[in-house]
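User: I'm new to this structure and would like a close look at one part of it. Could you walk me through the open sheet and the loop residues that go with it?

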Amino acid sequence: DSFDADSDGESNLLEFATAQNPHAATRASTGLARTQNGFEFTYTRSKAAVEDGFHFSVEHNDTLVSSWTPVGSGTLVADGESQTLKASIPASPSGKRFARLRVSVP
């Protein structure tokens, strides 16, 4: 699961979970858009990973040294061979906000 077959910096586990080919030098497809109340984080996940019980969580942090705050997996906006989800991240009073997608196995 932790092996990186194509040396692109993403593990096989992450590439499977985000509907990528582990032998192609690609990166997980994510997006971040500003909204009136914060940000909207968009990502693609593999339907097979969901069926296998993988857990997806969008998280945010203001400093990278404190703990991450989960906002959930998001809302399903497209459903096909893979799924696209959008998660809302609130604005930060400090003006800084980091976001990540956490994938864990069952």
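Analyst: Here is a walk through the sheet, strand by strand, with a stop at a few single residues. Keep in mind that this is a predicted model.

Let's start with the overall layout. Which order do the strands take in the open sheet? There are 4 of them, arranged 1-2-6-5, and the pairing is antiparallel. Strand 1 and strand 5 (75-79) sit at the edges, each pairing on one side only. On average, neighbouring strands of this sheet are turned by 25° against each other, if you ignore direction.

Now take the end of the sheet with strand 1. Strand 1 and strand 2 run antiparallel to one another, and 6 bridges link them. The way from strand 1 to strand 2 is a hairpin, and 2 residues make the connection. You can pick out one of the bridges yourself: T35 is partnered with G38 in strand 2.

Over at the other edge, strand 5 pairs with strand 6 (residues 82-90), again in the antiparallel sense, this time over 4 bridges. To find one of these bridges, look for L76, whose partner in strand 6 is L85. If you follow any strand with your eye, it helps to know that side chains in a regular strand alternate between the two faces of the sheet.

Back to strand 2, which covers residues 38-46 and includes S46. Is S46 buried or exposed? S46 counts as buried because its relative accessibility is 8%, and the cut-off for buried is under 20%. What does S46 touch, beyond its neighbours within four places in sequence? The contacts are F16, A17, T18 and A19.

That last name, A19, deserves a stop of its own. A19 belongs to the loop between helix 1 (12-17) and strand 1 (30-35). Its backbone has a twist to notice: phi of A19 is near 60°, a positive value although the residue is not glycine. For background, most residues other than glycine have a negative phi. With 41% relative accessibility, A19 counts as partly exposed, whereas its contact S46 is buried.

There is another residue with a positive phi to look at, in a loop elsewhere in the chain. L64, also not a glycine, has a phi near 70°. You'll find L64 in the loop between strand 3 (55-61) and strand 4 (69-72). L64 is partly exposed too, because its relative accessible area is 49% and exposed would need over 50%.

Definitions and conventions: Residues are numbered from 1 along each chain as its sequence is written. This is a predicted model: local features need pLDDT of at least 70, side-chain atom pairs count only at pLDDT 80 or more; totals for chains, interfaces and linings use all residues. Side-chain values use heavy atoms; hydrogens and water are left out. Buried means under 20% relative accessible area, exposed over 50%, partly exposed in between (1.4 Å probe, protein chains only). Contact means heavy atoms within 4.5 Å. Two strands pair if DSSP finds at least two bridges between them. Axes are lines fitted to C-alpha atoms, for helices over the stretch in contact, and angles run from 0 to 180 degrees between N-to-C directions.
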